[in-house]
Amino acid sequence: MSAQPTTTETGVWQRWWSRLPATIDRRVIALAWATLFVQIAIVGTGGLVRLTGSGLGCPTWPRCTPESFVATPEMGIHGVIEFGNRLLTFVLVIVAILMFLFVVRMRRERPDLFWLSLVIGLYVPLQAVIGGITVLTNLNPYVVGLHYFASVVLVALAAALVVRVYATPGPRVLAVPGWYAVTTHITSAFVVITVIVGILVTGSGPHAGDGGAARNGLDAEFMQHVHSWPAYITLGLTIVLLAAARRTPPAQRLTLWVGVLLLVELAQIGVGLWQARTGLPIWLVNIHMVLAVMLIAAMTAVVMHLTAPVAEVERTADS
C-alpha cells in the first residue's frame, strides 16, 4: 500500500499553496519584468563571450573542463567570461520557475500567463542545450546563429508576458482598423528578417567567438548592405504606423509603443552605421546585438496592443 500524506505534510502544502499569488500583484509584475530583463541580459553576456573570443573559454559542455564544472585559474579571463554566461543560465531557470509558480494558482483565470510562463520555462533548458551544441560543434556559425535566434524567441515571449500581466483578462478582439493591423504584422515580419540577416552578417564577419572558429563564407561587406535593406523598410513602415496611431483608440496606447519601437530602431541604425564605419569595435557590436532583441521586444509590445477586451471594444463602438 502507498503511504498516505500525513496531516502535517498536508498542512505544510496548504500553507505553501496559500502564499502563492491568486491575483496579479507586485510580485507577479516584478517577476514578469525580471523575466524580460534576464532574457535580454543573457544576450549581452553571450555577446561578450563571442566578441572577446571566449566562446571556447570552457571547451566542454555541460562541464567547463572534463574535470570541473567551473572555470579554473589556468583558463584565464576567457574561462571566467564563458563560465559567467553559463552561470546566468541558472538565474534564468530560477526566474522562470518562480514566474511559473507565481501564476499557477490563477491558471484558470489567467491561462495566458500560465501558458506563457510554462513555455518560457520549458524553452530555457532547450536554449542551454543549443548553447552546448555550439561548443561541441566548435562554434559553427550557423549553430551560433541558431543559439542567438533562440534568445530572440525567448525575449519575444517574455515581452508578451509583461504586456499580458497588465492586460484585462478574457477574450480579446482586434481594436484597430484592419489595414493598420496588416501593416503592423508586415512591419514585424521585416523586423524578423532584419534580425535574421544580421545574424548571417555576424556569421560572416570577424567576431567568431574563437580564433579557430569557422565563418559562414558569405561576403561580409555585401551582407552589410543586404542587412540595411529590411532595416530601412522597417523604419519607413514604423513611421507610417506612428503617423496613423492617432486614429487608433487612445486606450491602446499605440502612439506610445510605436514611439518606443521607432526610438529603438533609430538607436539600432545609428549604432549599426557607427560600428560599420569604425571597424566593428566589440563594444558597439555588443550594443547592436542587445538592441536587436530590444527591437523584438518593442515590436512584440506593439503587436500585443492591437487587440482589446471584447467588452471594451463593444463599449467604444456604442459610445
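In this predicted model, the axes of helices H8 and H9 approach within 9 Å and cross at roughly 160 degrees. H8 (254-277) and H9 (282-304) are named together among the elements that cover the buried residues of H7. Angles over 145 degrees count as roughly antiparallel. H8 and H9 are therefore roughly antiparallel to each other. The crossing of H8 past H9 is left-handed.

H9 also packs against helix H2, which spans residues 26-51. Here the axes come within 9 Å, and the crossing angle is roughly 150 degrees. H2 and H9 are therefore roughly antiparallel to each other as well. The crossing of H2 past H9 is right-handed. On the H2 side, the contact is formed by Leu36, Ile40, Val43, Gly44, Gly47, Leu48 and Leu51. These residues meet Ile282, Val285, Asn286, Met289, Val290, Val293, Met294 and Ala297 of H9.

A further partner of H9 is H5. The axes of H5 and H9 come within 8 Å and cross at roughly 40 degrees. That angle makes H5 oblique to H9. H5 passes H9 in a right-handed crossing. From H5, the contact draws on Tyr148, Val152, Val155, Ala156, Ala159, Ala160, Val163 and Arg164. From H9, the residues are Met289, Ala292, Val293, Ile296, Ala297, Thr300, Ala301 and Met304. Met289, Val293 and Ala297 of H9 thus appear in the contact with H5 and also in the contact with H2.

Arg164 sits in helix H5, which runs over residues 141-166. Arg164 has a relative accessible area of 11% and is buried. Beyond neighbours within four places in sequence, Arg164 contacts Arg110, Asp112, Leu113, Leu116, Arg172 and Met304. Of these, Met304 belongs to the H9 side of the H5 contact.

Helix H7 covers residues 220-244, 25 residues in total. The distance from its first C-alpha to its last is 37 Å, close to the 36 Å expected at 1.5 Å a residue. The buried residues of H7 are Met223, Val226, His227, Pro230, Ala231, Thr234, Leu235, Thr238, Leu241 and Ala244. Their cover includes helix H6 (178-204), along with H8 and H9.

At the start of H7, Asp219 places a side-chain oxygen within 3.1 Å of the backbone nitrogen of Glu221. Glu221 itself lies in H7. This residue is exposed, with a relative accessible area of 58%. The C-alpha atoms of Glu221 and Val201 are 8.5 Å apart, with their positions 20 residues apart along the chain.

Thr234 is located further along H7. Its relative accessibility is 3%, so Thr234 counts as buried. The side chain of Thr234 reaches the backbone oxygen of Pro230 at 2.8 Å. Pro230 is also among the buried residues of H7. Residues up to four places away in sequence aside, Thr234 touches Thr187, Phe190, Val191, Thr194 and Glu265. Thr187, Phe190, Val191 and Thr194 fall within the range of H6, and Glu265 falls within H8.

Another buried position is found in helix H3. Leu92 lies in this helix, which spans residues 76-103. With a relative accessibility of 4%, Leu92 counts as buried. The residues in contact with Leu92, neighbours within four places in sequence excluded, are Val38, Gln39, Ile42 and Val124. Val38, Gln39 and Ile42 fall within the range of H2. Val124 is 32 residues from Leu92 along the chain, yet their C-alpha atoms are separated by 7.2 Å.

For the protein as a whole, the secondary structure comprises 10 helices and two strands. In sequence order, the elements follow the pattern α-α-α-α-α-β-α-α-α-α-β-α. Of the 319 residues, 46% are buried. Among contacts between residues at least 6 apart in sequence, 76% join residues at least 24 apart.

Technical notes:
Residues numbered from 1 in each chain as written. Predicted model: local features only at pLDDT ≥ 70, side-chain atom pairs only at ≥ 80, totals over all residues. Heavy atoms only, no water. Helix = DSSP H or I, 4+ residues; strand = E, 2+ residues; numbered from the N terminus. Expected span 1.5 Å × (residues − 1). Buried < 20%, exposed > 50% of the residue type's maximum accessible area, 1.4 Å probe, protein only. Contact = heavy atoms within 4.5 Å. Polar contact = N/O pair within 3.5 Å; in protein donor to acceptor, adjacent residues only side chain to side chain. Axes fitted to C-alpha atoms, helices over the stretch in contact; angles between N-to-C directions. Parallel < 35°, antiparallel > 145°, perpendicular 65-115°, else oblique. Left-handed = near helix turned anticlockwise from the far one by under 90°.
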